Amino acid sequence: MDAWQTYPVEFRGGLVTNLSPLQQGINAPGSARILRNFEPSVEGGYRRIEGYDKYDSAIIPPYGAPVVHGASQSGTTLILAAIHTTPVAGDTFTITGVANTYTIASGGVTFDATNNRATLTLTESLDSSPANAAAVTFVSTTNKYLTIGVAAWEDSAIVCRNADIFKSGGSGYTKINVPDYGTPRVNAGSQTGSTLAIDGLLTAPQAGDVFKIAGVDLVYSITANATVTSGGTTLAINPALASSPADDAVITFLSTSREAASKTRFSKYNFNGTEKIIITDGLNKPAIYDNATFSVILDAPTDVIGASYVANVKNHLFFAKGSNLTFTAPYTDTDFTAANGSGVVNVGGVITALAVFRQQLIIFTESSIHQLTGNTIADFTLQPVTMDIGCIDSDTVQEIAGDVMFLGPDGLRLLSGTDRIGDFGLASVSKSIQSVMTGFVSSNTAFTSCVIREKSQYRVFGYNNNITQENAQGVLATQFAPQGGEGMAWAETRGIRAYVADSNYNQNVESVFFANDDGYLYQMESGNSFDGTNIQTTFATPHLPISDPRKRKTFYKLFLYTDPQGSVAFDVSLKLDFDSQGAIQPPPINILNTQGTVGFFGTGTFGITRFGTKLLKLFQTQVVGSGTTVSFQFESNDDNPPYSIDALTVEYGLNDRR
């Protein structure tokens, strides 16, 4: 009779930290006591997460799209215009039409914030004199500037950094906060001084806007908001005109200021057949972009200027500022006329987030949640969902599989519908990893989140300026049940340093973006590494008592069931007797499938590798060790393709009781 016995474990349930070691080993043997950079997979088992790459190889421009201020400049001094943020010594840049890359010398910056100009001293002389309004492209920066907003929109990404907003399709950034005021032209020749009469306007230029004039040297800033009458106005400008422009000379606007913007948020909508995105940043007037034209809501009311949050629901745009919720007239994005159906609702507390749930607007404060029912101003009603629980960080709110996840004071919660119409469930879904969530919240100063729809997955990331990339923390949850928190399985991430993040599903392609303070925009779920850095993973099973927690077992053989996509290499260790001090632990065992006849790109051997050979999915290895309990710990540090660990069986012999 064979004295060996077999113990199988199916890996499911995700990370669990709220059970004692023995409880977890008895009641949840397929769960994990450590699950880092693995994800509970909807296809079964635990799958190593995918990596990320730079979405665009260029840095997000830190200073907008500055231009040369005046032709004929030479030597080591260069004046720039259309720049809204102070550059610093050590920054490098190129100039269109001028050879070489230039560096700002130490102490070499004088910044004119009023007129959006910078005078730079360079470490070397200009190779030639640049043209007026020649484009200046910064290729590196000394300071670390946070990317304060990102939106995955259609087949591109919109990002906000410092005072400017850009769009990228993956091959360069285009500044979009360039105003469209119509077809402005000089109104009459022979003008001089610090004013300029123009016409051809549809809306009024604003203080801080920057423009150039065809045939006239220098670049000009508007110093006061204009008032338009019959398409014309007289602008107050700085500096004074370098020469008199010709009548009907073309005026080209280069920039409109978004200075001092805080975290920038977006909402997508389509009221008239045109896809648009509305932008709020906590300080400036909201702006609208339709993939071609950028326009500021110039006549926005006080409760909308500086709105922090915006949502599209019931064919209205809702703006949140302080405790007030202001909404536009139906099917409009700029009409705030009460007679047309606009209005204001005070929720009685500072709004911390907005969410759309089943075509209802959910309004969060730090200590309460409300819903706005109805369809128009005639029947809009504010109703409380709860007055005891709120959202402590707006950027953690996401809809996932018909529920709304958010970070509350006691961890992640799920706002769910119930069988009763108009009723909600508010389950605290992160109790099984409460210690992880407590440490995660206390260690970070800001949070962001996204969903990965193809995986039914929610991810929340913490950001702390003092935490390095390799230690950057995140928590992910995969939802296995149709709704509610019972089917949530958890894991941790390390190495995804995100201050802002967003995802979008467009034409059967899901895009997931994030950014921090290093100047780049990254695409998640792309590649097998963290932008060239190996992905470090750890998965540890519970301490398994197997048949009897007081009987010693001798372990002989391990069978590991996997689902690889390519080469696999990891170590597996046996942690005996709760990995307690004094317990002798066997050395790690290396598991890999790159040996033999299977060929991987770049690793094949002539005369040995066979084309079409099947990947090894079942690994078996001899193990040594004896203990009352055993935990299997898997670790890797490489850039191999993702793989899943589905199950294991261990063969053991049961010893006598001591």
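# Reading the pockets, strands and loops of a predicted model

Q: How many residues line the largest pocket, and which of them lie nearest its centre?
A: Rolling a probe the size of a water molecule over the atoms shows where empty space is left. In this structure, which is a predicted model, the lining of the largest pocket is made up of 35 residues, and those that lie nearest its centre are Phe 266, Ser 267, Val 397, Gln 398 and Asp 502. The elements that contribute two or more residues to this lining are β12 (147-153), β22 (265-269), β26 (309-313), β30 (351-357), β34 (398-400), β38 (446-452) and β42.

Q: What volume does the largest pocket have, and which element gives the largest share of its lining?
A: The volume comes to about 1,100 Å³, and β42, with six residues, supplies the largest share of the lining. Sorted by class, the lining of this pocket holds 18 nonpolar, 10 polar and seven charged residues.

Q: Where does β42 stand in its sheet, at an edge or inside?
A: The sheet is an open one of four strands in the order β5-β44-β43-β42, with antiparallel pairing. Its edge strands are β5 (52-54) and β42 (500-506), each of which pairs on one side only. Neighbouring strands of the sheet are turned against each other by 30° on average, direction ignored. Within the sheet, β43 (residues 509-515) and β44 (residues 521-524) run antiparallel and are joined by three bridges; Phe 514, for instance, has Tyr 522 in β44 as its bridge partner.

Q: How should the second largest pocket be read, and which residues are closest to its centre?
A: The second largest pocket has a volume of about 620 Å³. It is lined by 29 residues, and Tyr 181, Ser 295, Val 296, Ile 297 and Leu 298 are the closest to its centre. β24 (287-289) and β25 (294-296) each give at least two residues to the lining, and β25 gives the most, namely three. By class, the lining of the second largest pocket comprises 10 nonpolar, 11 polar and eight charged residues.

Q: Which residue in the loop between β24 and β25 has a positive phi?
A: The residue is Asn 291, which lies in that loop and has a phi near 80°, a positive value in a residue other than glycine. Asn 291 counts as partly exposed because its relative accessibility is 31%, a value between the 20% and 50% cut-offs. Gln 359 likewise has a positive phi without being glycine, near 60°, and its place is in the loop between β30 and β31 (360-365).

Q: What is Thr 274 in contact with, leaving aside its neighbours within four places in sequence?
A: Thr 274 is found in the loop between β22 and β23 (276-280), and, with those neighbours set aside, Thr 274 is in contact with Tyr 269 and Asp 290. Thr 274 and Asp 290 are 16 residues apart along the chain, while their C-alpha atoms are separated by 7.1 Å. Thr 274 counts as partly exposed because its relative accessibility is 32%.

Q: Which peptide bond is cis, and what is its omega?
A: The cis peptide bond joins Asn 238 and Pro 239, with omega at about 0°. Pro 239 has its place in the loop between β20 (233-238) and β21 (251-255).

Q: Which side chains of strand β29 are buried, and which are not?
A: In a regular strand the side chains alternate between the two faces of the sheet. In β29 (residues 343-346), Gly 343 and Val 345 point to one face and are buried, whereas Val 344 and Asn 346 point to the other face and are not buried. β29 pairs with β28 (residues 324-327) in the antiparallel sense over four bridges, and Asn 346 in β29 stands opposite Asn 324.

Q: How many cavities of 30 Å³ or more does the structure hold, and which residues line the largest cavity?
A: There is one such cavity, and the largest cavity has a volume of about 50 Å³. Its lining consists of Ile 148, Cys 160, Asn 162, Ala 163, Asp 164, Ile 165, Arg 258, Ala 261, Thr 264, Ile 279 and Asp 281, which by class gives six nonpolar, two polar and three charged residues.

Q: What does the chain as a whole look like in terms of helices and strands?
A: The protein chain has two helices and 52 strands, and its C-alpha trace spans about 110 × 65 × 45 Å along the principal axes. Of its 658 residues, 54% are buried. Among contacts between residues at least 6 apart in sequence, 62% join residues at least 24 apart.

Definitions and conventions: Residues numbered from 1 in each chain as written. Predicted model: local features only at pLDDT ≥ 70, side-chain atom pairs only at ≥ 80, totals over all residues. Heavy atoms only, no water. Pairing = 2+ DSSP bridges. Axes fitted to C-alpha atoms, helices over the stretch in contact; angles between N-to-C directions. 1 Å grid on protein atoms, 1.4 Å probe; cavity = no way out; pocket = protein on both sides within 12 Å on 5 of 7 lines; lining within 4 Å. Points joined across faces, edges and corners; volume = space filled by probe spheres on them. Nonpolar A, V, L, I, M, F, W, Y, C, P; charged D, E, K, R; others polar. Buried < 20%, exposed > 50% of the residue type's maximum accessible area, 1.4 Å probe, protein only. Contact = heavy atoms within 4.5 Å.
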